[in-house]
Amino acid sequence: MNKQFQNISQQIVDWYKKYGRHELPWRRNITPYKIWISEIMLQQTQVKTVIPYFKNFLKKYPTLRKISQASEDEIMAQWSGLGFYRRARNIFLTKEIIKNDFNNIFPKTYNEILSLPGIGKSTAGAIMSLAYLTPRPILDGNVKRVITRLVNKGIKPIKEKEFWQISEKLLNTKDCFSFTQGIMDLGATICTPTNPTCNQCPLKLNCQSAFKVKIKPKNKKRSIKRLIEMNLQLIHTEKSFLLVKNEEDSIWSRLWIPFNRATMDSYLNRLTHYKNEQISHQLTHRVLDLSINIYKSEKEFKIQTNKKYKWIKKDKIKEYGIPKPINKLMNEL
Ligand code: SF4
């Protein structure tokens, strides 16, 4: 069986060399820093969405040395719109650790990389295999799907431990770079969730599920997204917006958002309320139902609160991490 795994592994390498997505921006002029940023961005977001964010991020912070001076707000601002903001916070925390404990050089060992915030076994494995050419297994959603179909355990779920064992057996120690990129690409472009193109797959002669993948109809009940309602007060002067840093461990954590009603209640009667915007914002597992009251103030004023807040000048909002729907609304005012 091990020999069979090695054959499959070599087929993936050969396929990648011919058909892989060599043009992806993080696959050119590779550095551990670039692989790290791309892997974090790709953790919960599709490749086509990540590409422009990755390019902009690398334009602003082309190296570890450059990002080492960035503030949390600046990193959040670059992440604005990409979602799952905990990832941006982890990038900030990680670059601080690399600056303070690793002399601003990306760590080289698996255990050191694994100890960094937001980096699990699969991301650490990808960085080792892709940046340092040291073979380590990976196990993201695409790889799990390919393995599941390959060994025909589609009905009985495979345990996490067994997934890792198979991923380890498949690993190509001679060319871990092409193998790792190849298995990711195969899962993303050929062995896709709903419509695998088995006739184009290099593994079709070894795969237990080739041409027999059955897609279960989606459970409609399970796909209903949780609704979160938010009532916010967006206050602005001619030149600035009043925003608070959301420190809560919740959606939009660490981003700058308008105050909620409870905090602003005693201030609202001195302001001019001129608009209400109802916005429905779709997230991966949730729907945000936003009701935003917009107020104008003649001048900036102080708030009695222990929260961190700021009047942010209109021409500076790009420098802060602000959720996409709020940013869009502010740009229209
Ligand atoms: S043969 Fe089909 S099911 Fe099997 S790995 Fe390839 S695309 Fe997936």
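1. The buried residues of helix α6 pack against three helices: α2 (32–42), α4 (64–67) and α5 (72–79). This is a predicted model. The notes below take helix α6 in turn, then Trp 311.

2. Which residues of α6 are buried? They are Ala 88, Ile 91, Phe 92, Thr 94, Lys 95 and Ile 98. Viewed down the axis of α6, its buried residues fall within an arc of 165°, so they line one face of the helix. An α-helix has 3.6 residues a turn, so residues three or four places apart point the same way.

3. The face of α6 turned away from the buried side carries Asn 100 and Asp 101, both exposed.

4. The length of α6 agrees with expectation. The helix runs over residues 86–101, 16 residues in total. At 1.5 Å a residue it should span 22 Å, and the C-alpha atoms at its ends are 22 Å apart. The expected span is 1.5 Å times one less than the number of residues, so the last residue adds no further step.

5. Just after α6 comes a backbone detail to check by eye. Asn 103 takes a positive phi of about 55°.

6. Now Trp 311, which sits in strand β7 (residues 309–313). Is Trp 311 buried or exposed? Trp 311 is partly exposed: 18 other C-beta atoms lie within 10 Å, and a residue counts as buried at 20 or more.

7. Leaving aside residues up to four places away in sequence, Trp 311 touches Ser 240, Leu 242 and Glu 300. Glu 300 is eleven residues from Trp 311 in sequence. In space, the two are 7.1 Å apart, C-alpha to C-alpha.

Definitions and conventions. Residues are numbered from 1 along each chain as its sequence is written. This is a predicted model: local features need pLDDT of at least 70, side-chain atom pairs count only at pLDDT 80 or more; totals for chains, interfaces and linings use all residues. Helices (H or I, at least four residues) and strands (E, at least two) are DSSP runs, numbered from the N terminus. A residue is buried if 20 or more other C-beta atoms lie within 10 Å of its own, exposed if 12 or fewer, and partly exposed in between; C-beta atoms are placed from the backbone. Two residues are in contact if their C-beta atoms, placed from the backbone, lie within 7 Å. The arc is that of the directions from the helix axis to the C-beta atoms.
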